[in-house]
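I opened the notebook today to look up two things: how the nonpolar residues group together, and where the pockets are. Here is what I wrote down.

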Amino acid sequence: MKTTEEYRIGETIVKQGAHSDGFYVLEKGSVEIFKDDNLLNVLIYPGTVFGEIGDILEAPRTCTIKARTQTIVTKYKSQSLEKLVETHPEIAVKIMKTLASRLQRTTQKLADLSSASSFWSESQ
């Protein structure tokens with residue numbers, strides 16, 4: 001089931017540690033992603049998927065996500081992510097592309113950090 005939701009500036013969309021009950025697609029606006037009150041990322045592009053990790057891992061929410069601006073999202077809520085993907089395979093493709101993009105950015109950040117640190121380049 002999908003619904004359209006609107007959030008005001010600063011309003012919490014997802015709370016870290018809460019039960020995961022669906023994921024979101026950004027339609028308009030922007031959101032901030034926090035882990036333990038540290039700002040990790042800002043999402044600004046329409047079509048961006050967020051809040052999916054808890055559904056994929058069947059675990060509580062890993063981050064808090066707040067509206068940075070007036071924001072409109074589509075929420076996909078399902079008892080089973082597998083069933084949702086079976087009936088809407090385009091969602092699986094969107095999630096895979098999102099996760100691959102995040103992995104690519106994280107890998108680059110790790111590479112940048114390791115090249116800046118002598119810890120990783122010292123011979124043991």
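Entry one, the cores. I started with the largest nonpolar core, which has 13 residues; I13, Y24, V31 and F50 touch the most other members. I then checked which elements feed this core, and found that β2 (12-14), β3 (23-28), β4 (31-35) and β7 (64-67) each supply at least two residues. I kept in mind that this is a predicted model.

I picked V31 for a closer look. Leaving aside residues up to four places away in sequence, V31 touches I13, L26, N41, V42, L43, F50, I65, K66, A67, R68 and T71. I also noted a second, separate core of 8 residues, with F23, V49, Y76 and I95 among them. A reminder to myself: nonpolar side chains tend to be buried together in soluble globular proteins.

Entry two, the largest pocket. I read off about 470 Å³ of space for it. Its lining has 18 residues, and I33, L40, I53, C63 and R102 lie nearest the centre. Two or more lining residues come from each of β5 (38-43), α1 (53-57) and α3 (89-116), with α3 giving the largest share, 5 residues. I sorted this lining into 8 nonpolar, 5 polar and 5 charged residues.

Entry three, the second largest pocket. Which residues lie nearest its centre? I found S20, D55, E58, S78 and Q79 there, in a lining of 18 residues. The elements giving two or more residues to this lining are α1 and α2 (81-87). The space comes to about 310 Å³, and I listed the lining as 6 nonpolar, 7 polar and 5 charged residues.

Conventions:
Residues numbered from 1 in each chain as written. Predicted model: local features only at pLDDT ≥ 70, side-chain atom pairs only at ≥ 80, totals over all residues. Heavy atoms only, no water. 1 Å grid on protein atoms, 1.4 Å probe; cavity = no way out; pocket = protein on both sides within 12 Å on 5 of 7 lines; lining within 4 Å. Points joined across faces, edges and corners; volume = space filled by probe spheres on them. Helix = DSSP H or I, 4+ residues; strand = E, 2+ residues; numbered from the N terminus. Nonpolar A, V, L, I, M, F, W, Y, C, P; charged D, E, K, R; others polar. Core = buried A, V, L, I, M, F, W, Y, C linked by side-chain atoms within 4.5 Å. Buried < 20%, exposed > 50% of the residue type's maximum accessible area, 1.4 Å probe, protein only. Contact = heavy atoms within 4.5 Å.
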